[in-house]
Amino acid sequence: TASDQKYMIWARNWAKSLQAHGVRNLFIGAMDAEAQRLSHAEGIPAVLLGRMRSGTTWHSANRYKIRLVQGVVELGFDVLFTDADVTFVRDPIPFLIKYPEAGVLISTDLLIREKPFPMVNGLENTYEIYGKWRADLNVGIMFVRSTQHTVRMMNHWADVANADMSKSMQTFFVKLVREYAHCQPMDGHPELSNCYNGTVPIGLLPMDVFSGGYIYFVERLPQRTGVQAISVHATYQVHQGLDGKRERLRHAHLWFLDEPSYYNPTGGVLTMAPFELPAWVSDPATVKRYGEGGDLQNNHQNRTLVHFQLVHYQLRQLRNAMAVAEMLGRTLVMPDFTVLIDNTWYPMNGAWPGFRKFGPFVAPLDHVLHMTQLKNNNIDFRGSTFLEHQCVKANIKPTDRAIVSFKSGAQAPTGASTADHIELPMGATQAQVETALKSHPAKVLHLESTMDIIKGFDNPRDQATFAAKINRTPMLWCCITKDVAHDIFKQPFPPGHIYYDFYYDQEHTDRFNRKYSAEWDLRVGP
């Protein structure tokens with residue numbers, strides 16, 4: 001891989017994921033001297049590709065990556081190049097060497113497997129390269145064999161990319177494959193296509209084995225079909241960048257850089273039951289109707305509002321759990337959210353164009369909460385798979401847990417509890433919660449339910465401080481279309497995005513100083 005100082009945290013995780021599976025023939029192309037120093041400090045081989053000047057653009061910096069691939073194949077070595085935000089689930093080499101005729105094996109941004117082009121011999125159908133329905137090739141994972149033809153192709157790639165810094169290196173590679181020379185199926189090897197004047201056989205890596213971020217974290221194709229992925233490329237991270245990518249990898253237990261203290265939080269852990277969901281989610285007919293999509297021009301008002309009602313219903317429960325965690329000084333393990341429609345960067349009808357992902361479905365935490373805002377506001381949390389991590393299992397035994405129930409008619413606590421099952425009155429006060437639970441010795445306290453379990457903080461000033469702390473942590477959802485904004489919701493366009501709201505069920509002023517009554521209404525922007 002290649003990295004500068006800023007992205008070395010990703011290159012380090014990349015290296016550790018490979019080393020965890022016994023891969024040692026790896027190195028980092030350092031894009032500045034500090035990246036080289038950091039690599040060597042951790043015992044990771046690195047070579048300095050050059051010294052980037054201050055203000056180097058993203059596109060020009062990426063030319064260093066082409067230089068890296070170009071240089072390795074010119075030396076006579078085959079190379080698997082990946083972006084630094086790729087993490088390996090297992091050793092990739094056994095898969096790659098199964099295709100000795102391939103000059104290049106490359107990943108794609110395919111989002112759907114249900115299409116007219118079945119896989120061939122373990123690779124995606126190469127009709128995706130030259131046919132009507134063309135896949136977006138992704139040079140973030142690319143295996144190149146060293147031959148005279150691939151050397152010439154890599155040099156050509158470097159020449160055309162260096163001549164125009166306004167476009168991405170990926171754009172020029174795709175042009176090289178598709179426009180400079182027509183691709184044709186390879187005789188005797190239908191899984192490959194002869195490209196680049198018929199001299200370089202190219203194959204497409206399977207989307208569920210070399211997974212992109214959408215396939216692995218949202219669609220969850222490998223997990224659903226029982227396929228063991230080889231790598232995960234943290235692409236399709238909507239709106240949040242590096243913090244969102246890191247939390248997704250943590251959730252999948254593919255982040256290798258956390259200190260031991262991360263798995264043993266000071267003050268203990270607070271867990272909660274999976275979110276209670278509205279009744280319609282359990283109605284097969286309603287779920288089928290929403291899941292089929294259809295013409296959303298007529299259904300969008302209902303679909304969009306129901307989506308926000310669904311997410312807000314879960315945020316209301318999370319708000320209570322976050323307050324209890326704040327009162328007790330514990331780290332909250334957040335459940336997964338269920339959503340109805342997808343999230344992206346531009347107006348759409350609830351699903352990626354060409355790929356219908358309608359709900360309800362389980363979404364990554366970053367679809368609903370902003371990871372950077374949580375971090376900046378000192379809200380310590382963990383994802384839903386935290387207790388399943390081997391580093392946590394080693395420290396927490398079944399006897400280290402206690403259950404907390406909130407029930408109508410339960411007696412108010414008179415002192416601290418050490419029981420393994422504690423009952424508190426529904427709508428408990430802060431004083432009651434802290435009296436019973438603040439000094440409880442269990443490493444894990446589990447809330448059996450969280451809907452309306454507490455009244456909030458006893459001091460109005462503390463309640464206002466807490467509200468301000470969590471108010472900016474919900475994400476935005478993007479986006480309704482112009483027609484929907486104007487014709488159905490009578491809202492301006494642009495913008496088309498809408499923010500989730502922790503306090504949708506109360507009279508309040510939101511993060512943008514907009515006043516709401518106890519009945520939340522949909523407003524776009526700002």
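**Exercise 1. A salt bridge and its network**

Which side chain meets that of D505 in a salt bridge? Place the pair in the chain and identify the network that contains it.

*Solution.* The model is predicted.

Step 1. The partner of D505 is R316, with an N to O distance of 3.7 Å. This falls within the 4 Å allowed between a side-chain nitrogen of Lys or Arg and a carboxyl oxygen of Asp or Glu.

Step 2. D505 lies in the loop between β22 (498–499) and β23 (508–509), while R316 belongs to helix α12; the two are 189 residues apart, and the pair links distant parts of the chain.

Step 3. The relative accessible area of D505 is 24%, and this residue is partly exposed.

Step 4. D505 and R316 are linked with R319 and D452 in a network of salt bridges.

**Exercise 2. Two further salt bridges**

How many salt bridges does a search of the whole structure find? Describe the pairs K16 with E42 and D380 with R382.

*Solution.*

Step 1. The search of the whole structure yields 20 salt bridges.

Step 2. In the pair of K16 and E42, the closest N and O atoms are 4.0 Å apart. K16 sits in helix α1 and E42 in the loop between α2 (33–41) and β3 (46–48), so this pair links distant parts of the chain, 26 residues apart.

Step 3. K16 is partly exposed at 31% relative accessibility, and E42 is partly exposed at 33%.

Step 4. In the pair of D380 and R382, the closest N and O atoms are 2.8 Å apart. D380 is partly exposed, with a relative accessible area of 44%, whereas R382 is buried, at 4%. The threshold that separates these two classes is 20% relative accessible area.

**Exercise 3. The disulfides**

How many disulfides does the structure hold? Establish the pairing, the handedness and the burial of the bonded cysteines.

*Solution.*

Step 1. There are two disulfides. With the bonded cysteines of the protein chain numbered in sequence order, the pairing reads 1-2, 3-4.

Step 2. One disulfide connects C183 and C195, with an S to S distance of 2.1 Å. C183 is located in the loop between α7 (169–178) and β8 (184–186), and C195 in strand β9 (residues 189–195), so the bond ties together parts that are twelve residues apart in sequence.

Step 3. The torsion about the S-S bond of C183 and C195 is about 125 degrees; this disulfide is therefore right-handed. C183 is buried at 2% relative accessible area, and C195 is buried at 0%.

Step 4. The other disulfide connects C478 and C479, with an S to S distance of 1.9 Å. The torsion about the S-S bond of C478 and C479 is about -95 degrees, so this disulfide is left-handed. Both C478 and C479 are buried.

**Exercise 4. The six-stranded sheet**

In what order do the strands of the open sheet of six strands lie? Identify the edges and characterise the pairing of β8 with β9.

*Solution.*

Step 1. The order is β4-β7-β6-β10-β9-β8, and the pairing is mixed.

Step 2. β4 (79–82) and β8 are the edge strands, since each pairs on one side only.

Step 3. On average, neighbouring strands of this sheet are turned by 35 degrees against each other, direction ignored.

Step 4. β8 and β9 run antiparallel and are joined by three bridges. Q184 has N194 in β9 as its bridge partner.

**Exercise 5. Helix α10 and the nonpolar cores**

Which residues of α10 are buried? Determine what covers them, then describe the nonpolar cores.

*Solution.*

Step 1. Helix α10 (residues 242–251) is mostly covered, eight of its ten residues being buried. They are D243, G244, K245, R246, E247, R248, L249 and R250.

Step 2. The elements that cover these residues include α1 (8–19), β5 (86–88), α8 (213–218), α13 (371–376) and β17 (381–382). Just after α10, H253 has a positive phi of about 60 degrees.

Step 3. The largest nonpolar core contains 75 residues, and L318, M322, L369 and V433 have the most contacts inside it. Helix α12 (residues 296–328) provides the largest share of this core, 13 residues.

Step 4. Beyond its neighbours within four places in sequence, V433 is in contact with V324, M327, L328, F406, L424, A428, K438 and I454.

Step 5. Another core, of 40 residues, lies apart from the largest one and has A35, I44, V86 and L257 among its members.

Definitions and conventions: Residues numbered from 1 in each chain as written. Predicted model: local features only at pLDDT ≥ 70, side-chain atom pairs only at ≥ 80, totals over all residues. Heavy atoms only, no water. Disulfide = S-S within 2.5 Å. Helix = DSSP H or I, 4+ residues; strand = E, 2+ residues; numbered from the N terminus. Buried < 20%, exposed > 50% of the residue type's maximum accessible area, 1.4 Å probe, protein only. Contact = heavy atoms within 4.5 Å. Core = buried A, V, L, I, M, F, W, Y, C linked by side-chain atoms within 4.5 Å. Pairing = 2+ DSSP bridges. Axes fitted to C-alpha atoms, helices over the stretch in contact; angles between N-to-C directions.
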